[in-house]
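Here are my notes on the model you sent over, as numbered points. Have the structure open while you read.

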Amino acid sequence: MNILITSVALLYGLIFGSFFNVVGLRVPTQSLFDQNRSYCDTCERTLTWKELVPVWSFIIQRGRCKSCSQSISPLYPIMELATGLLFALTYYLTGFSSDLILGLLLIALIIPVTVSDIAHRRIPNRLLLFFGPLFIIYRIIYPLTPFWDSFLGAGFAFLLVFMIILISKGGMGVGDLKYYTLFGFIFGFSHFLLLFFLSTLYGALYGVVMMKVKKVGRKTKIPFGPFIGLAALTVFYFGDALIQWYLNLFM
Ligand SMILES: [Zn+2]
């Protein structure tokens, strides 16, 4: 039955991924509910249900709007697919447990923030203000051991990133600061250290690859939110195993 439920989680993920795309794209600029139906950004025609099937519609329409032929960003199907796979992976690894709730909350925060940071170069306050209290309630019900590890993690994250912003003068933004601090609270001190290391590693690897294919110069600013989110997911799924492996190197 595990495979059946994992498949259902995948399907739910594809549908929620479609919703997270809309949230990430609209939250920074307009109200989420001012227009209920999805529409083409170019010709503004309301889309039919056939054009709203996650991933599938993009493939069938070969990545173009049916009426105006404007190409649709591959960000949509990629994020839908990513959400589907992450939902499935989360259920597969956690089963029905408190970790499942935490995993789904993390995905629901990280996917829209990633979309928004790529599309608008912003980590929206409204998303952080919506999810922040949910994570605080979660940590009241399921505290870290010891419980104050959340405050140590958040305090350390805030000071570290705040100093980096002062020193680097614009390398990271206030959005990144708040985003990191929230993850410090969720994961605690040692897991936050791993998260911070991984996010800078991912960002550096991406920078190197992009310079190799000559798409960006050294000075080009790349949004950092996607790397923070990817690092947070890595820590959620594999943090304990990675830290154990690291500690074993010195034993
Ligand atoms: Zn169109």
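1. Start with burial: 43% of the protein's 251 residues count as buried. Keep in mind that this is a predicted model. The exposed surface comes to about 14,700 Å², and carbon and sulfur atoms supply 70% of that area.

2. The fold is easy to summarise: nine helices and zero strands. Walking along the sequence, you just read α-α-α-α-α-α-α-α-α.

3. On overall dimensions, a compact globule of 251 residues would have a radius of gyration near 18 Å, and the protein has 19 Å, so the two agree. Along the principal axes, the C-alpha atoms fill a box of roughly 60 × 50 × 35 Å. If you take contacts between residues at least 6 apart in sequence, 69% of them join residues at least 24 apart.

4. A quick word on charge. There are 19 positive and 10 negative charges, and their mean positions sit 11 Å apart.

5. Helix H3 (residues 75-94) deserves a look. Its 20 residues should span 28 Å at 1.5 Å a residue, and the end C-alpha atoms are 28 Å apart, so the helix matches expectation. Its buried residues include Leu75, Pro77, Met79, Glu80 and Thr83, along with Phe87 and Tyr91. The cover over them includes helix H1 (2-26), helix H2 (56-60), helix H4 (98-120) and helix H9 (225-248). Just past the end of H3, glycine 95 has a positive phi of about 65 degrees.

6. Is asparagine 21 buried or exposed? This residue lies in helix H1, and with a relative accessibility of 2% it counts as buried, because the cut-off for buried is under 20%. Beyond its neighbours within four places in sequence, asparagine 21 is in contact with Leu75, Tyr76, Met79, Glu80 and Val115. Of these partners, Leu75, Met79 and Glu80 are among the buried residues of H3.

7. Next, helix H8 (residues 189-212). For its 24 residues the expected span at 1.5 Å a residue is 34 Å, and the end C-alpha atoms are 35 Å apart, which agrees. Among its buried residues are His191, Phe192, Leu195, Phe196, Gly203, Gly207 and Met210. Helix H6 (149-168), helix H7 (174-187) and H9 are included in what covers them. Lysine 214, just after H8, takes a positive phi of about 60 degrees.

8. Isoleucine 222 sits in the loop between H8 and H9 and is partly exposed, at a relative accessible area of 29%. Leaving out neighbours within four places in sequence, its contacts are Gly203, Tyr206 and Phe227; Gly203 is one of the buried residues of H8. The C-alpha atom of isoleucine 222 is also 9.8 Å from that of methionine 172, although the two are 50 residues apart along the chain.

9. Some backbone details to check by eye. Threonine 145 and proline 146 are joined by a cis peptide bond, with omega about -10 degrees; proline 146 is in the loop between helix H5 (125-141) and H6.

10. Two loop residues other than glycine have positive phi values. Glutamate 44, in the loop between H1 and H2, has a phi near 65 degrees and counts as exposed at 58% relative accessibility. Serine 69, in the loop between H2 and H3, has a phi of about 60 degrees and counts as partly exposed at 41% relative accessibility.

Conventions
Residues numbered from 1 in each chain as written. Predicted model: local features only at pLDDT ≥ 70, side-chain atom pairs only at ≥ 80, totals over all residues. Heavy atoms only, no water. Helix = DSSP H or I, 4+ residues; strand = E, 2+ residues; numbered from the N terminus. Rg over C-alpha atoms; globule rule 2.2 N^0.38 Å. Buried < 20%, exposed > 50% of the residue type's maximum accessible area, 1.4 Å probe, protein only. Contact = heavy atoms within 4.5 Å. Areas by Shrake-Rupley, 256 points an atom, 1.4 Å probe, with all protein chains shown as cover. Lys, Arg positive; Asp, Glu negative; His and termini not counted. Charge placed at Lys NZ, Arg CZ, Asp CG, Glu CD. Expected span 1.5 Å × (residues − 1).
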